[in-house]
Amino acid sequence: MKNIFLIALLLISASCSTTPVSGNKAFLLTSSETENQQGEAAYKEIIAKEKEVKGTPEARMVEEIGRRIAAVANQPDFKWEFKTLQSDEPNAFCLPGGKVAVYTGIFKYAGNEAGLATVMGHEIGHAIARHGGQRMSEQMVTNIAMAGLAATAFSKLDNTKKGLAIAALGAGTAVAISLPFSRKHETEADEIGLVLMSKAGYDPRESVNFWDRFSKAGGKAPMQFLSTHPTSENRHEHLREMLPKVMPYYEASAKLGIGKNLQ
Ligand SMILES: [Zn+2]
C-alpha cells in the first residue's frame, strides 16, 4: 500500500523533459538532483570494488579527454570525475552527474585519442540525456518492488537493488545486472557524443572507424559493453549522416585530429 501511494506521488510529480540534441521527449519520475546523488553513491561503490589506475599515459589521456569534453558539455550541475580502472573487460560508463570510468581493456579497441573520445562522448551522452533517470523511472512504473529505488538513499539499498540501480543508472559492470540501452537511447548517445567530441577538438570521422573496429571485435568474443550498448546495423550509416552537421564544430575547435595513438 505504501508503495502504491509512493507511485501515485511520483506520477503527480512526473515531468516530461526534452532531450538535448535529439529533441526527443523523455518521461521522468526522478529529479536530476536525485539521479546525480544516486550516481555519485553508485560510482563510489563500484570504484571501491575495482583497481584504479593512476598516473599512466593512458589514465592521463582519459582525464585530458574528459576535461576537454566537460569544458564543452555545458553541465553546471555535474561534478565530473574521470577514472581509469584495471580490467581486461573492454568497458566504459558515465553515471549521472558526470562520473566517468574507463576500463583499461578498451584501450586497444579505442586505438587512438579520438577513438577513446568517441566512447567517452557516447557514455557522457547517456548521462546528459538522463537515460539513467529514464530507466529508473521505467523500473518504478513496471516493478512495484523497485518503486522506492530512487527515493531511498543508495547506501540503504540491499545488494540486489544496488545492482539494479547501478544498471539502470547506466553502468554495466561486474557488480550490476546487465540492462541494455534501447535503440533510441543508443542513437541519442551517439549523436550527443559526436557533438561533444567535435567541440572538444577530436576528429568526429574517427567515430565511424572506432565503432566498426569495436563491433567487429565483439563478434568474436562476448563483451559486457556490447550487451549493454547493442550495436545496430545502421549505426555506421547514421554516424556518417551526422558528420556534416558536426564537422563545423570540429573546424571551429582546437582540431587535434585523431590525437595520440594507443596500444
Ligand atoms: Zn550506449
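In this predicted model, the zinc ion is held by protein donors from H122 (NE2), H126 (NE2), E186, which appears twice through OE atoms, and H229 (ND1), and these donors lie 1.9 to 2.8 Å from the ion. Along the chain, the donor residues follow the spacing H-x3-H-x59-E-x42-H. Because E186 belongs to helix α8 (residues 183–199) whereas H229 sits in the loop between α10 (224–228) and α11 (235–251), this pair ties together parts of the protein that are 43 residues apart in sequence.

The packing of two helices can be described by the angle between their axes together with the distance between those axes. For helix α6 (residues 131–142) and helix α7 (residues 159–169), the axes come within 7 Å and cross at roughly 130°, which means that α6 is oblique to α7. On the α6 side the contact involves H131, G132, R135, M136 and Q139, and these meet L164, A165, A167, A168 and L169 of α7. By residue class, the contact of α6 with α7 consists of six nonpolar, three polar and one charged.

Empty space left among the atoms can be shown by rolling over them a probe the size of a water molecule. The largest pocket holds about 160 Å³ of space, and its lining is formed by S32, E33, N36, Q37, E40, D77, K79, G97 and K99. Helix α2 (residues 32–49) gives the most to this lining, contributing five residues. In the lining of the largest pocket there are no nonpolar residues, while four are polar and five are charged.

Technical notes: Residues are numbered from 1 along each chain as its sequence is written. This is a predicted model: local features need pLDDT of at least 70, side-chain atom pairs count only at pLDDT 80 or more; totals for chains, interfaces and linings use all residues. Side-chain values use heavy atoms; hydrogens and water are left out. Axes are lines fitted to C-alpha atoms, for helices over the stretch in contact, and angles run from 0 to 180 degrees between N-to-C directions. Helices (H or I, at least four residues) and strands (E, at least two) are DSSP runs, numbered from the N terminus. Angles under 35 degrees count as roughly parallel, over 145 as roughly antiparallel, 65 to 115 as roughly perpendicular and the rest as oblique. Contact means heavy atoms within 4.5 Å. Ala, Val, Leu, Ile, Met, Phe, Trp, Tyr, Cys and Pro count as nonpolar, Asp, Glu, Lys and Arg as charged, and the others, Gly among them, as polar. On a 1 Å grid over the protein atoms alone, a cavity is a set of points where a 1.4 Å probe fits but cannot get out, and a pocket is an open set with protein on both sides within 12 Å along at least five of seven lines; lining residues have an atom within 4 Å of a point. Grid points are joined across faces, edges and corners, and a volume is the space filled by probe spheres set on the points. Donors are N, O and S atoms within 2.8 Å of the metal (3.2 Å for Na, K and Ca); water is not among the atoms, so sites may look incomplete.
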